[in-house]
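Open the model in your viewer and keep the selection panel at hand. Each stop below says what to select and what is there.

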Amino acid sequence: MRIAALFFALALAACGRDLPLPVENSRELVVLTRAGLTTYTVDSQGGAGGFEYDLVREFAKDQGLKIRIISTADDTDLLTRLKQGEGHLAVAWSSPAEDPEIRSSTPYFQSSNLIVTHEASLPLRTAKQLNKRTVHVIAGSRQERSLQKMRKRVSSLSIAAVQDTNELALMEGAASRRFEAILISDAAFKIGGNFYPELQDAMELGVKQPIVWLFAPEVSPEFLVKANDFLARMASSGELDRLKDRYFGHVDRLTTDDVSIFIEQMRNTLPQYRPLFQEAQIQTGIDWRLLAALAYQESRWEPLATSPTGVRGIMMLTADTADSLRVRNRLDPAQSIRAGAQYLSDLRDSLPAEIREPDRLWLALAAYNLGMGHLNGARYLARTLGADPDSWYEMKKVLPLLAKPQYYKRLKSGKGRGGEAVIMTENIRVYADILNRFEPPYEPMKRKSEKFIWKSFQARPDTDAAPAVP
């Protein structure tokens, strides 16, 4: 068996392909994937992410394997290369393959396909309404195959298969009305819909399909058993639900009106404060877009904002917090942003070292709203309830209990608005996602020549007063 596998690998290598050794021999897991909202993304600094990527990375770590990612052009390319043995498995939001030689893992997600149109388009509710319509789709995708099956029933349906594209590009095309309709996965729309609030999910095409890993023909049955065992352990431990929450748990918090207003403000109001948020990133190491998202949630980027409880300014600082951070004027956006960013950084640093990112940052955001005393009280409560106090996924279920007497009476910190802190944090995650889509990261080492105006704190009045208009 091993001799035959080795002969197969050598024969293909002779054809010019760089093929991996069997997993048991190479100690390297070679994963085929494709770029996409649910699969694999790389940011401007080379950092990789994505639900599928994180899941398979945990599998490689569980097996003591290094991981090597190969990004393919599309699903057709991915399946071809998988069958040729260029990777051990494919992780690309795939359903079970029709080819019997390509085996599947147990499902770990269910996903359907959505026809998506501009909100100004006439509604689509039945397959017959696709007559004489053009639907754009990623070439080589399972969505294209789904449309091809649909065309047997709707002969006048026109399919426009787009090469070298992704779900976001299709959504941008539909949002700008260059495309009449597109077909993407419901999971991709769930994430990307916040970037293009003018889109609507017009119709579900077909039924939900299982999402699985696909394995090359030469991968041993024993390794497939290990993969299924890993997925089962991820599900039973709750880790799979935590990972799903990281990518999908917050994305449907806002209405389309909320998102539209935010994007308008992002274009019209944010530019005047962008340098201040970027300077705060230099001071704290927290991405300026996250800080801007926090400020929007707090004040809608209104430097003169004041609440009935006395918090003020663009970062809505309490008087005590402002005093501790030597802020002389909370209504000065420069001072407020500097102090708010430092306060968030201090909260994050004060959390136990074993809490991993991004949960660490999300818990710090909750503490920004709630106070560290109440957050620590909720963390204690979580332990008594058998929940993980280091997991945002579990803590966002515990925090609302701070408003219930049977729970807050146990705590020194007393009653707290934990539900409000959860809503605030989840909203900030959505705003930050949108900013990450439309605003570039700030890389000060690449922009040393650019000067930013950072007004002196000493030049401001010593009381909370609106800065003079020049």
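The tour runs from the whole chain to two helix pairs and then to a single residue.

**Stop 1: the whole chain**

Select everything. This is a predicted model. The protein chain holds 19 helices and eleven strands. It has 470 residues, and 53% of them count as buried. Turn on the surface next. The accessible surface comes to about 22200 Å². Carbon and sulfur atoms account for 52% of that area. Now consider contacts between residues at least 6 apart in sequence: 71% of these join residues at least 24 apart.

**Stop 2: α10 against α19**

Select residues 256-268 for helix α10 and residues 418-438 for helix α19. Their axes come within 11 Å and cross at roughly 45°. The oblique class takes angles outside the parallel, antiparallel and perpendicular ranges, the first of these being under 35 degrees and the last 65 to 115. That crossing angle makes α10 oblique to α19. The crossing of α10 past α19 is right-handed.

Show side chains at the contact:

- From α10, pick Val 259, Phe 262, Ile 263 and Met 266.
- From α19, pick Tyr 431, Ile 434, Leu 435 and Phe 438.

Colour this contact by residue class. Eight residues are nonpolar, with no polar and no charged ones.

**Stop 3: α12 against α19**

Keep α19 and add residues 288-299, which form helix α12. The axes of α12 and α19 lie 8 Å apart, at an angle of about 130°. The two helices are therefore oblique to each other. Their crossing is right-handed.

Show the side chains here too:

- On α12, the contact uses Arg 289, Leu 290, Ala 292, Ala 293, Leu 294, Tyr 296, Gln 297 and Glu 298.
- On α19, the contact uses Met 424, Asn 427, Ile 428, Tyr 431, Ala 432, Leu 435 and Asn 436.

What is the make-up of the contact of α12 with α19 in nonpolar, polar and charged residues? The division is ten nonpolar, three polar and two charged.

Tyr 431 and Leu 435 of α19 deserve a second click. Both take part in the contact with α10, and both take part in the contact with α12.

**Stop 4: Thr 117**

Leave the helices and select residues 109-118, strand β7. Thr 117 is found in this strand. Is Thr 117 buried or exposed? Its relative accessible area is 2%. Buried means under 20%, so Thr 117 is buried.

Now show what surrounds Thr 117. Leave aside neighbours within four places in sequence, and its contacts are Leu 124, Glu 180, Ala 181, Glu 198, Leu 199, Gln 200 and Ala 202.

How values were computed
Residues are numbered from 1 along each chain as its sequence is written. This is a predicted model: local features need pLDDT of at least 70, side-chain atom pairs count only at pLDDT 80 or more; totals for chains, interfaces and linings use all residues. Side-chain values use heavy atoms; hydrogens and water are left out. Axes are lines fitted to C-alpha atoms, for helices over the stretch in contact, and angles run from 0 to 180 degrees between N-to-C directions. Helices (H or I, at least four residues) and strands (E, at least two) are DSSP runs, numbered from the N terminus. Angles under 35 degrees count as roughly parallel, over 145 as roughly antiparallel, 65 to 115 as roughly perpendicular and the rest as oblique. A crossing is left-handed if the near helix is turned anticlockwise from the far one by less than a right angle, and right-handed if clockwise. Contact means heavy atoms within 4.5 Å. Ala, Val, Leu, Ile, Met, Phe, Trp, Tyr, Cys and Pro count as nonpolar, Asp, Glu, Lys and Arg as charged, and the others, Gly among them, as polar. Buried means under 20% relative accessible area, exposed over 50%, partly exposed in between (1.4 Å probe, protein chains only). Accessible areas come from the Shrake-Rupley method with a 1.4 Å probe; for residues, only the protein chains shown count as cover.
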